[in-house]
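Q: Please take a close look at one part of this predicted model: the place where its two domains meet. Walk me through the contacts there, then the charged pairs and the cysteines.

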Amino acid sequence: MKIKTIEWLTDQGKVKLIDQTKLPHTFEYIVTDDFRVMCDAILRLAVRGAPAIGVAGAYGVVIGANSLKHKEIGSFRLDLRSIMAQLRAVRPTAVNLAWAIDRMGRVLDKQNDVESARTALLREALALHAEDEAMCRAIGEHGAGLLRDGMSILTHCNAGSLATGGMGTALAPVYVAAEQGKKIKVFSDETRPLLQGARLTAFELQANGIDVTLICDNMAAVVMRKGWVDAVIVGADRIAANGDAANKIGTYTVALLAKHHGIPFYVAAPTSTVDHSLTSGDSIPIEERSGEEVAGFGNVRTAPPGVNTFNPAFDVTPHELIAAIITEKGIHRPPYNFHDIANLK
Ligand code: MRU
């Protein structure tokens, strides 16, 4: 990948993130050792995408730990727990954030002094980041097997390298297929209200030399009807044990369209996105964001003052619409059973 979405700067003890709110027109980094800046970056979607916010959260814990002045492990642990709770609560839907913070918490629990805690937490965050990169590659290798030379896929939102610590989830099969010499074309939904498809997916596919065509969300049915789409691949923010998958708002609509047109609809995600404690997608918490995002874009307001809005950031695609779920462990076909991830077949 040409672009690194998130990086740990060892010499400075800081995290470096691409500010995705400014893409594609301005390429700027946020470099910080302040966990509050990290919380804000996650909230504003400067860093976004389920796996990427997991990695960002883990580094957030590291910089939080480094900012504490305590010498005694008990009070250090107490204050770091409060920082972790703040990071964990920033966005509710993508389980990767909570998963990463909880993983850091388990490491913290095992430490007996502040210095070794700081070292162990950094080691864990770097390991989590490296694992995410490897999981993306494995998803790509498995998913590329579903793609033949000349195929066209449609994707929604951004589940590429900008959304992960590696080459992406939904876009990873496309990148690996391209490495294998296959010509794959991508239709990218623009993804209202925040336009991740237009601003981020179109940008990163172009930058990586993939043939990409941008469409408005309401054009997906037409390109499917014309026979231009061979498969849909999307990412996920949380997958319940029965395979129901939460992803960016509008994904459910795309799944229904794919069903109608007989097009396979695939979800690609690492197993860190699976929440096996939930039996179905009905209990996935859905983030609701400010109505301002619906009433306009950027500084331009398109709706009349005072209009009512509704702005759920995600929806849940029922498992019966999903032809397969691609994880780093392989291609999972229905009936889905993600109750026991360790022994997933
Ligand atoms: O609100 P966002 O931009 O964080 O939403 C991102 C998505 O919905 C992605 O498809 C999902 O997190 C998977 S990213 C590999």
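A: Contact here means heavy atoms within 4.5 Å. By that cut-off, 26 residues of domain 1 are in contact with 34 residues of domain 2. The model is a predicted one. The domain assignment gives domain 1 as residues 6-136 and domain 2 as residues 146-343. Their C-alpha centres lie 25 Å apart.

Start with the area. The size of an interface is often given as the accessible area lost when the parts come together. Between domain 1 and domain 2, about 2,400 Å² is buried. Carbon and sulfur atoms give 58% of that area. On the domain 1 side, Arg48, Thr93 and Cys136 stand out. Together they supply 26% of the area that domain 1 buries against domain 2, more than any other three residues.

Next, the polar side of the interface. There are 15 residue pairs in polar contact between domain 1 and domain 2, counting pairs with both residues at pLDDT 80 or more. Four elements give two or more residues to the side of domain 1 that touches domain 2: helix H1 (35-44), helix H2 (50-67), helix H4 (95-109) and helix H5 (114-144). H5 gives the most, with 5 residues.

The count of salt bridges between the two domains is 1. Glutamate 287 and arginine 91 meet through their side chains in a salt bridge, at 2.8 Å from N to O. Both also belong to a network of salt bridges that links Arg91, Glu287, Arg289 and Glu293.

Now the charged pairs elsewhere. A search of the whole structure finds 17 salt bridges. One of them, listed with three examples here, joins helices H4 and H3: aspartate 109 pairs with arginine 81. Their closest N and O atoms are 2.8 Å apart. This pair links distant parts of the chain, with aspartate 109 in helix H4 and arginine 81 in helix H3 (residues 73-88), 28 residues apart. Aspartate 109 counts as partly exposed because its relative accessibility is 45%. Arginine 81 is also partly exposed, at 36%.Helix H5 holds a pair of its own. Glutamate 141 forms a salt bridge with arginine 137, the closest N and O atoms being 3.2 Å apart. The two residues are 4 residues apart in H5, about one turn of the helix. Glutamate 141 is partly exposed, at 41% relative accessibility. Arginine 137 is partly exposed as well, with a relative accessible area of 31%.

Aspartate 19 and lysine 22 meet in a salt bridge too, at 3.6 Å from N to O. Aspartate 19 has a relative accessible area of 5%, so it counts as buried. Lysine 22 is partly exposed, at 36%.

Last, the cysteines. The structure holds 0 disulfides. Cysteine 157 is in no disulfide; its nearest cysteine sulfur, that of cysteine 136, is 15 Å away. A disulfide needs the two sulfur atoms within 2.5 Å. Cysteine 157 is buried, because its relative accessible area is 7%. Cysteine 39 is buried too, at 13% relative accessibility.

Methods
Residues numbered from 1 in each chain as written. Predicted model: local features only at pLDDT ≥ 70, side-chain atom pairs only at ≥ 80, totals over all residues. Heavy atoms only, no water. Buried < 20%, exposed > 50% of the residue type's maximum accessible area, 1.4 Å probe, protein only. Domains from an automatic or database assignment. Buried area = accessible area lost by both parts, 1.4 Å probe. Salt bridge = Lys/Arg side-chain N within 4 Å of Asp/Glu carboxyl O. Polar contact = N/O pair within 3.5 Å; in protein donor to acceptor, adjacent residues only side chain to side chain.
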